[in-house]
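Me: I am new to reading protein models and would like a close look at a single part of this one. Could you walk me through how its helices pack against each other, and then show me what lies around them?

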Amino acid sequence: MVDIELNLQFQTPHPELTEPLLYQWVRTTVHEIAAIYQEANQTVPFQKIALTLRFCDETEGRALNQQFRHKDYATNVLTFEYGIDATGTLSSDIIICIPVLIQEAKEQKKPFLHHAAHLCIHGVLHALGYDHLDDEEAEEMESLEIDILHTMDIPNPYH
């Protein structure tokens, strides 16, 4: 079992984003990925995960995206992965921009919490080393997102 340390920061709070719900999304994602390693008879490369999950406004989201990705707009989720230290602790910061999350949920006609769960899972998967830089990686990551969301009775976000 992987130990999870979750630090929540609400620069921009939202009443539906509760600590138990956020912890459930993170825990489910981490445990699903750990199970993939175990099913493949591979050692899980981390024993502990230390995540900061920060919810920000559009100004902060834009500034971070500009500073770190050189893109002048607020994006939905940014993940800063710091690797695994000598103690086996994987560390990462995940930033979710609440106004972008709300706007995307409306545009995509999805419930707020469904889209929030998807972005949280997406960020955690990035923290765990998954990416979508090419078609093969994108397909693998999307498949994992769909499967993890399915365990929470949330429909495929790509339909």
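Reply: Let's start with a term you will need: a crossing of two helices is called right-handed if the near helix is turned clockwise from the far one by less than a right angle, and left-handed if it is turned anticlockwise. Please keep in mind that this is a predicted model.

Now look at helix 4 (residues 112–127) and helix 5. Their crossing is right-handed. The two axes come within 10 Å and cross at roughly 130 degrees. That angle makes helix 4 oblique to helix 5. On the helix 4 side, the residues that meet helix 5 are Ala117, His118, Ile121, His122, Leu125 and His126. They meet Met141, Leu144, Glu145, Ile148 and Leu149 of helix 5. Sorted by class, this contact has 7 nonpolar, 3 polar and 1 charged residues.

Helix 5 (residues 135–151) also packs with helix 1 (residues 19–39). Here the axes come within 10 Å and cross at roughly 120 degrees. Helix 1 and helix 5 are therefore oblique to each other, and helix 1 passes helix 5 in a right-handed crossing. From helix 1, the residues in this contact are Thr28, Thr29, Glu32, Ile33 and Ile36. Their partners in helix 5 are Leu144, Ile148 and Thr151. By class, the contact has 4 nonpolar, 3 polar and 1 charged residues. You may recognise Leu144 and Ile148, since both also appear in the contact of helix 5 with helix 4.

Let's zoom in on one residue of this contact, Thr28, which sits in helix 1. Leaving aside residues up to four places away in sequence, Thr28 touches Ile148, Thr151 and Met152. Its relative accessibility is 17%, and buried means under 20%, so Thr28 counts as buried.

Just past the end of helix 5, in the segment that follows it, you will find Asp153. With a relative accessible area of 69%, Asp153 is exposed. Its phi is near 60 degrees, a positive value in a residue other than glycine. Why point that out? Because most residues other than glycine have a negative phi. Lys109, in the loop between helix 3 and helix 4, is another residue to look at. The phi of Lys109 is near 55 degrees, again a positive value in a residue other than glycine. At 75% relative accessibility, Lys109 counts as exposed.

Finally, let's turn to the sheet. It is an open sheet of 4 strands in the order 1-2-4-3, with mixed pairing. Strand 1 (3–10) and strand 3 (77–84) stand at the edges with a single partner strand each, so one side of each is left without a neighbour in the sheet. On average, neighbouring strands are turned by 10 degrees against each other, direction ignored. Strand 1 and strand 2 (residues 48–56) run parallel and are joined by 8 bridges. Among the bridge partners, Gln9 is matched with Arg54 in strand 2, and Phe10 with Phe55. Helix 2 (residues 58–69) packs on the sheet and touches strand 2, strand 3 and strand 4 (89–97). The direction of helix 2 makes about 50 degrees with that of strand 3. Helix 3 (residues 98–107) packs on the sheet too, touching strand 2 and strand 4. Strand 2 is mostly covered, with 7 of its 9 residues buried.

Key: Residues numbered from 1 in each chain as written. Predicted model: local features only at pLDDT ≥ 70, side-chain atom pairs only at ≥ 80, totals over all residues. Heavy atoms only, no water. Axes fitted to C-alpha atoms, helices over the stretch in contact; angles between N-to-C directions. Helix = DSSP H or I, 4+ residues; strand = E, 2+ residues; numbered from the N terminus. Parallel < 35°, antiparallel > 145°, perpendicular 65-115°, else oblique. Contact = heavy atoms within 4.5 Å. Nonpolar A, V, L, I, M, F, W, Y, C, P; charged D, E, K, R; others polar. Pairing = 2+ DSSP bridges. Buried < 20%, exposed > 50% of the residue type's maximum accessible area, 1.4 Å probe, protein only.
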